[in-house]
Amino acid sequence: MSKPLKPMTRDEVAQHNKAGDLWIIIDSIVYDLSKFGKLHPGGIGVLLDKDVAGKDSTTVFYGLHRQEVLQKQQYQRLRIGQIEGEEPKIRLKGPSDLSKVPYAEPAWLTPDFVSPYFNDSHRTLQKTGPEGVVVSEHGASQALAELSRSVCGVCSLLCCITLTSDMRKFITKVVAPDAQACEENGKRPSKSVLDQMAANGMNRMRMGPGKHLHGRDLMGVPGEKFDYFHELIVNQEFALCGGRGYVDGCQGHMVIGLPPIMNYCEEPMKTQVMDEVLDGHKLIVLAITEAFAGSDVQGLRCTATKKEDGSGWIINGTKKWITGGTNADYFTVGARTGKHLSVFLVPRSEGVNTKQIKTSYGTTAGTSYVTFDDVEVPNSALIGKENDGLHVILANFNHERWMIACQTIAYCRKAVEECLLWGSQRFVSGKPLLAQPVIRAKLANMIARTEAAQALLEAITYQMCNMDYKKQSAALAGPIGFLKMNASKTLAEVSDEAVAIFGGRGLTKTGMGRFVEQIHRTRKFDAILGGTEEVLGDLGVRQA
């Protein structure tokens, strides 16, 4: 616990207003910048400004910096006092807190609105439960036991780890710090985070409702009651980690690579692979796209040829832009079998090689080029029926596109929140940005587009909750195509407006506009991955 700050007066602070003897006030707290001045990234001249040195610099500070800057330990050490009779008015949002910024949360999470779709179990998943649990290898699940070893590294009998039963808190405290670090250094998501996602059931929840959830407690929700609205929450909360490439690299490839195994694979391989992947032991990716064939899956050139003795298949060809491929243990591969397509499960083995592809959202996603050179797989590796691969591939697209739309709309909402915050704290000509009608007009457009996109998402999700997998494939391909197309077009417009509101800061990877910059820089991924806007719009019209 930090010791109480010394009471001070504003007159006392005002006496320390020069180089080597420099104090300032931020939100009633007094900071001694006497030694820090020479280290200030913006130079000491900024700190010696007449509105800063020895003054209450709250407005100036928040016009340049994010609140979390003050939470860093090196700045906490600079705190030397507090103005008598005053208390801080600004506080950092807690890890489980809902944002109080208008439209920063979907309407169903706000107290003044009701929803026909969400109930108490959905609120339970979003925010509930105890933070810590003690895990013993004697009676603990294998996943939890292995997680305890990975976190502690030394204990063999009893380990204490943090497994929060609160989706918002888990994302904020565990996932987000790793996301920010990986976005910066380009490394793959940390093994400890992936282990915790497996242990708390998040991997399984991201695969939608089904038997793989039955008999499990999913952050307070019985697996049998889990529906697509629960999964919607998981996807939108996960997007709050603030790392677009990280989200794809952090098992985004599992969400699109594992469903063909779950829905079309034969036993015992189905259960074996599902358990390995969902319990965090192996990574799986979807390998469909090629240099010569993207949305046109019928143009695939990768081939699978039957062995002469009929004991298996030999796969040859290449795949490109495969998310997570650099780290994958399994590849769900679409290949040509004569005039038709088939799908195979290919483990990383001799003849399978991956090469990293650098993209605008960095290398943490593990995007890769994959080559298959005379790769042998047994007959049991066939997913679904021979020559029925097109059906398997197209059926898989619905869930992928819906998942992308969930996260795309969450990015829209994050941009709205950032702009409302910035508009209230950035002063121009003595007035906040929100005082300008042109800024309010931009925000009005951003909010209206985001709310409409969320409403369409919830309407489609309700249909998914009332259709089985086969019915969804037949009836929802077009509507989900429109959903994703609308979501990515909305994000394009919202992110453009957000950059205009932030100005130069909206183009800067650090500081005030870092989330807006990332959303704008990576928005085209949502417009292309899983099917381009043009292809999906055409699909919707053709199905109609």
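# Briefing on a predicted model

In strand β14, V343 is the bridge partner of G334. The model in which this pairing is found is predicted, and the briefing starts from the strands around that pair before turning to an open sheet, the nonpolar cores, a surface patch and some backbone details. G334 belongs to β13, where it points one way from the strand together with Y330, T332 and R336. β13 and β14, which covers residues 340-347, pair in the antiparallel sense over 8 bridges.

**Strand β13 and its partners**

- Strand β13 spans residues 330-337, and because 8 of its 8 residues are buried, the strand is largely enclosed by the rest of the structure.
- While Y330, T332, G334 and R336 point one way from β13, the residues F331, V333, A335 and T337 point the other way, and all of them are buried.
- β13 and β14 form a hairpin that has 2 residues between the strands, and G338 takes a positive phi near 75 degrees there.
- β13 is also joined to strand β10, made of residues 284-287, by 4 bridges, and these two strands run parallel.
- In this pairing of β10 with β13, V333 is the residue that A287 stands opposite.
- As general background, the strands of a sheet pair through backbone hydrogen bonds, and they do so either parallel or antiparallel.

**An open sheet of five strands**

- An open sheet is formed by 5 strands in the order β1-β5-β4-β3-β2, with mixed pairing.
- The edges of this sheet are taken by β1 (6-8) and β2 (17-18), each of which has a single partner strand, so that one side of each is left without a neighbour in the sheet.
- At one of these edges, β1 runs parallel to strand β5 (residues 79-83), and 3 bridges join the two; M8 has I83 in β5 as its bridge partner.
- At the other edge, β2 and β3 run antiparallel and are joined by 2 bridges, with N17 standing opposite L22 in β3.
- The hairpin formed by β2 and β3 has 2 residues between the strands, and G20 in its turn has a positive phi of about 85 degrees.
- Strand β3 (residues 21-26) has 5 of its 6 residues buried, so β3 is largely enclosed by the rest of the structure.
- β3 is also joined by 4 bridges to strand β4 (residues 29-32), and the two run antiparallel, with I24 standing opposite Y31 in β4.
- The hairpin of β3 and β4 likewise has 2 residues between the strands, and D27 takes a positive phi near 55 degrees in it.

**Nonpolar cores**

- The largest nonpolar core contains 101 residues, and L258 and W402 are those with the most contacts inside it.
- Helix α14, which runs over residues 389-425, gives the most to this core, contributing 18 residues.
- Apart from the largest core lies another core of 20 residues, which include I315, V375, V377 and L382.
- If its neighbours within four places in sequence are left aside, W402 is in contact with Y228, E231, L232, N235, L457, I460, T461, M464, I480 and L483.

**A patch on the surface**

- V46, V60 and L64 form a nonpolar patch on the surface, and together they have about 200 Å² of accessible area.
- Within this patch, V60 has its place in helix α3 (residues 58-62), and with a relative accessible area of 33% V60 is partly exposed.

**Backbone details in loops**

- In general, most residues other than glycine have a negative phi, and most peptide bonds are trans.
- The peptide bond that joins E267 and P268 is cis, with an omega of about 5 degrees, and P268 lies in the loop between α12 (259-264) and α13 (269-278).
- N387 is not a glycine, yet N387 has a positive phi of about 70 degrees; this residue lies in the loop between β17 (382-383) and α14, where N387 is partly exposed with a relative accessible area of 32%.
- S429, also a residue other than glycine, has a positive phi near 55 degrees, and its place is in the loop between β18 (427-428) and β19 (431-432).
- With a relative accessibility of 75%, S429 counts as exposed, because that value is over 50%.

Notes: Residues are numbered from 1 along each chain as its sequence is written. This is a predicted model: local features need pLDDT of at least 70, side-chain atom pairs count only at pLDDT 80 or more; totals for chains, interfaces and linings use all residues. Side-chain values use heavy atoms; hydrogens and water are left out. A nonpolar core is a set of buried Ala, Val, Leu, Ile, Met, Phe, Trp, Tyr and Cys residues joined through side-chain atoms within 4.5 Å. Buried means under 20% relative accessible area, exposed over 50%, partly exposed in between (1.4 Å probe, protein chains only). Contact means heavy atoms within 4.5 Å. Patches are made of residues with over 30% relative accessible area and no salt bridge: like charges are joined within 9 Å, nonpolar side chains (Val, Leu, Ile, Met, Phe, Trp, Tyr) within 5 Å. Accessible areas come from the Shrake-Rupley method with a 1.4 Å probe; for residues, only the protein chains shown count as cover. A salt bridge is a side-chain nitrogen of Lys or Arg within 4 Å of a carboxyl oxygen of Asp or Glu. Two strands pair if DSSP finds at least two bridges between them.
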